[in-house]
Amino acid sequence: MHCASGRRISSNHRCLHNLMIETFDEGGDCSRPTKGRDMRFAGKRVLVTGGARGIGAATAAAFLREGAMVAIGARTQQSFDVFLTKHQGTAKHQGVKVVPALGKIGSQRQAAAVIEQAVSALGGLDILVNSAGYFAEVKVEDVDQAHWDQTMDTNVAGTFFCSQAALPALKESRGNIVNVASDAGIIGYPLGAVYSASKAAVVNLTRAMVLELAQQIRINCVCPGNVDTDMIQQAAEATGDPATYLKAAHDRSPMKRMARPDEVAEAILYLASAEAGFVNGAILSIDGGGVCGF
Ligand SMILES: NC(=O)c1ccc[n+]([C@@H]2O[C@H](COP(=O)([O-])OP(=O)(O)OC[C@H]3O[C@@H](n4cnc5c(N)ncnc54)[C@H](OP(=O)(O)O)[C@@H]3O)[C@@H](O)[C@H]2O)c1
């Protein structure tokens, strides 16, 4: 049986009061039997930029556990190797491959090269997670061109151009994108003017791209509050008083703690899953209530 778009459907359709609801198994052959929650991504091809560390690594590991083949975006082979050493047992157990997609993503050319590696190694792409990002605290008066460029190039240009380069493969698979923005894209952060602007750009490019592409792919966005990763640890070290910085990071959330990377990963997997098939342009806060107010 074929659906309206010519794609084949079988076990993934339901009849409700004579209405045929076609539930696509996104990004692949929609005739595949539905898997249980624990293997939601079996057979899916996933690229996680910034996939070797922090939120990206937790996300990539979660996809592996649920049966996906995963390309890890990393700037160096060494960064990829650290991830591989930690997670190759999971990949082996699940019978899936983990491949590198090496290079920076700060320009259209760099992003296209990273996407090309992933698409060729995986034979296509079902899901792109744009997690690579750069953060450093700088006073407004001290922002220089280098800080502006590194923040905007990595967070905005990288997210946009990776998505652009992945579009042909994602349209073919009817796949989806999850962007990793930040609560700083919704509220301002002191010493974070450029970072906040870059993450607000990620939030709104998510929405604008949905309006253009909703017939073909879904695009969603997560906005974590403080997450316990190298990014926060490095920002804390840079102040010279990490304990005070980390206490403030805990206190900023009404839940008085930071998120764990796996808590953000779980939300990303939900948005990327077929269960979120009608969720498009969502800006999902994962901040313990941090943007609710003071
Ligand atoms: N941690 C937080 O509190 C927090 C809160 C809200 C949002 N976020 C966002 O979450 C995302 C992940 O952050 P994280 O906390 O997991 O940070 P992290 O542990 O510092 O990891 C950052 C990742 O980004 C990659 N990266 C940085 N610059 C890059 C570039 N120019 N080209 C390609 N890759 C680059 C790094 O690659 P290498 O492996 O090569 O180093 C690394 O994998 C970022 O977008 C960040 O803004 C973080």
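In this predicted model, Arg-174 counts as partly exposed, because 19 C-beta neighbours lie inside 10 Å and a buried residue would need 20 or more. Arg-174 sits in the loop between α4 and β7 (176–180). Its phi is near 50°, a positive value in a residue other than glycine. Lys-256 also has a positive phi, near 55°, and is likewise not a glycine. This residue belongs to the loop between α7 (242–251) and α8 (261–272). Lys-256 counts as exposed, because it has 10 C-beta neighbours inside 10 Å and the limit for exposed residues is 12 or fewer.

A further loop residue is Asp-228. It is placed between β8 (218–224) and α6 (230–239). Asp-228 is partly exposed, with 18 other C-beta atoms within 10 Å. Beyond its neighbours within four places in sequence, Asp-228 contacts Met-258 and Arg-260. Gly-54 lies 174 residues away from Asp-228 in sequence, yet the two C-alpha atoms are 8.0 Å apart in space.

The protein chain as a whole contains eight helices and nine strands. It has 294 residues, of which 40% count as buried. Among contacts with a separation of 6 or more, 69% join residues 24 or more positions apart.

The largest nonpolar core comprises 64 residues. Val-46, Val-70, Ile-72, Val-222, Val-264 and Ile-268 have the most contacts inside it. Helix α1 (residues 54–65) gives the most to this core, contributing eight residues. Val-222 illustrates the packing. With neighbours within four places in sequence set aside, Val-222 touches Val-178, Val-180 and Ala-181. Its other contacts are Val-264, Ala-267, Ile-268, Leu-284 and Ile-286. A second core is separate and has five residues, including Phe-135, Ala-184, Val-194 and Tyr-195.

Two helix pairs involving α4 were examined. The axes of helix α4 (residues 145–173) and helix α5 (residues 193–213) come within 9 Å. They cross at roughly 15°. The helices are therefore roughly parallel, since angles under 35 degrees fall in that class. Their crossing is right-handed. On the α4 side, the contact is made by His-147, Trp-148, Thr-151, Met-152, Asn-155, Val-156, Thr-159, Phe-160 and Ser-163. On the α5 side, it is made by Val-194, Tyr-195, Ser-198, Lys-199, Ala-201, Val-202, Leu-205 and Met-209. By type, the residues of this contact divide into 10 nonpolar, six polar and one charged. Val-194 and Tyr-195 of α5 take part in this contact, and both are also included in the second core.

Helix α3 (residues 108–122) packs against α4 with the axes 8 Å apart. The angle here is about 40°. That value makes α3 oblique to α4. The crossing of α3 and α4 is right-handed. From α3, the residues in contact are Gln-108, Ala-111, Ala-112, Val-114, Ile-115 and Val-119. They meet Gly-158, Phe-161, Cys-162, Ala-165, Ala-166 and Ala-169 of α4. The residues of the contact between α3 and α4 divide into 10 nonpolar, two polar and no charged.

Notes
Residues numbered from 1 in each chain as written. Predicted model: local features only at pLDDT ≥ 70, side-chain atom pairs only at ≥ 80, totals over all residues. Helix = DSSP H or I, 4+ residues; strand = E, 2+ residues; numbered from the N terminus. Contact = placed C-beta atoms within 7 Å. Core = buried A, V, L, I, M, F, W, Y, C linked by C-beta atoms within 7 Å. Axes fitted to C-alpha atoms, helices over the stretch in contact; angles between N-to-C directions. Parallel < 35°, antiparallel > 145°, perpendicular 65-115°, else oblique. Left-handed = near helix turned anticlockwise from the far one by under 90°. Nonpolar A, V, L, I, M, F, W, Y, C, P; charged D, E, K, R; others polar.
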